[in-house]
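Hi,

Here is the structure I said I would send over. Have a look at it first, and my notes come right after.

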Amino acid sequence: LRQTGYTGRAIYDQVDNPQLIRDGLLARLETFGTVAGWGSEDAYNKTSITVVGARKFGRHSLQLAGHHGDTLQGNLPLYDPFLLGGFLRGSGYRMDELLGQEVSLVRGVYSYQLTALPAPLGRGVYAGGSLEQTRAVLGNEAADRGRTRPSGALFVAADTFLGPAFLAWGRS
């Protein structure tokens, strides 16, 4: 397959930790497209926007997030759909189980710092939960457009010097 096209990304990142966001704002806009007139064997565009806002209140933290991906031109080929599913992306579903021409995710996450870790080991140990709503449109069918899938998770997380470690249970 030969693809010729363009890609672009704009990111605003003011979060305290990219892997375990407890405070700050993250906004990301991404686009990718192929152009048949430039020699590509296909012609489509996929664009997504993600916004995550979090606020700490002492040991408590609340995070709200939204994600939407859609095509601006053509239909996505079978080998390049939008993907959702997995922890905090449709918890209770397998990783990337939800796919489609258009996807949406709305999520709320609460976490509580159980304890701080000594400085050489990391930042802390947290417990929390999420409520999520996902939507993946497989085609252009009207019946498929409004179908949402609620899900949620309970988790314990450690923010270590090696990165975050999560033990989570999800349900959809």
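Below is what turned up, sorted by topic.

One thing to keep in mind throughout: this is a predicted model.

Aromatic rings first. The count of aromatic pairs comes to four. One of them is Phe87 with Phe166, a tilted pair with 5.0 Å centre to centre and 55° between the planes. That angle is under the 60 degrees beyond which a pair counts as edge-to-face, and it is not under the 30 degrees needed for stacked, so the label is tilted. The two partners are 79 residues apart and come from distant parts of the chain: Phe87 is in the loop between strand E5 (82-84) and strand E6 (98-100), while Phe166 belongs to strand E10 (residues 163-171). Are these two rings buried or exposed? Neither, really: Phe87 has a relative accessible area of 30% and is partly exposed, and Phe166, at 34%, is partly exposed as well. Phe155 comes in here too, as ring pairs link Phe87, Phe155 and Phe166 into a cluster.

Phe155 also takes us to the strands. Its bridge partner in E10 is Ala168. Strand E9 (residues 149-160) and E10 run antiparallel and are joined by nine bridges. Together E9 and E10 make a hairpin, with two residues between them.

Next, the nonpolar core. The largest one has nine residues: Tyr44, Leu76, Phe82, Leu84, Tyr93, Leu98, Val103, Leu105 and Ala136. Strands E5 and E7 each supply at least two of its residues. Two of the core members deserve a closer look. Leu76 touches, beyond its neighbours up to four places away in sequence, a set of residues that includes Tyr44, Lys46, Thr71, Pro81 and Phe82. Phe82 has a charge on its ring: the charged end of Lys46 sits over it, 4.9 Å from the ring centre.

Now for some buried polar residues, which you may want to click through one by one.

Thr47 is in strand E3 (residues 44-57). Its relative accessibility is 16%, so it counts as buried. What does its side chain do there? It makes a polar contact with the side chain of Thr31 (2.8 Å) and another with the side chain of Asn45 (2.8 Å). Leaving aside neighbours within four places in sequence, Thr47 is in contact with residues including Leu29, His68, Asp70, Leu72 and Phe82.

Ser104 lies in strand E7 (residues 102-116). With 15% relative accessibility, Ser104 is buried. The Ser104 side chain has a polar contact with the side chain of His68, at 2.7 Å. Not counting residues up to four places away, Ser104 touches His67, His68, Leu84, Gln133, Thr134 and Arg135. His68 is thus shared, being in contact with Thr47 and with Ser104, and Leu84 ties Ser104 to a member of the core.

Thr71 is found in strand E4 (residues 60-73), and at 18% relative accessible area Thr71 is buried. Outside its neighbours within four places in sequence, Thr71 is in contact with Asn45, Lys46, Leu76, Phe82 and Gln101. Of these, Leu76 and Phe82 belong to the nonpolar core. As for distances along the chain, Thr71 and Arg107 are 36 residues apart, and their C-alpha atoms are separated by 22 Å.

Cheers

Definitions and conventions. Residues are numbered from 1 along each chain as its sequence is written. This is a predicted model: local features need pLDDT of at least 70, side-chain atom pairs count only at pLDDT 80 or more; totals for chains, interfaces and linings use all residues. Side-chain values use heavy atoms; hydrogens and water are left out. Rings of Phe, Tyr and Trp (its six-membered ring) pair if their centres lie within 6.5 Å; planes under 30 degrees apart count as stacked, over 60 as edge-to-face and the rest as tilted. Helices (H or I, at least four residues) and strands (E, at least two) are DSSP runs, numbered from the N terminus. Buried means under 20% relative accessible area, exposed over 50%, partly exposed in between (1.4 Å probe, protein chains only). A charge sits over a ring if NZ of Lys or CZ of Arg is within 6 Å of the ring centre and within 35 degrees of the ring normal. A polar contact is a pair of N or O atoms within 3.5 Å; within protein, one must be able to donate a hydrogen and the other to accept it, and residues adjacent in sequence count only if both atoms are side-chain atoms. Contact means heavy atoms within 4.5 Å. A nonpolar core is a set of buried Ala, Val, Leu, Ile, Met, Phe, Trp, Tyr and Cys residues joined through side-chain atoms within 4.5 Å. Two strands pair if DSSP finds at least two bridges between them.
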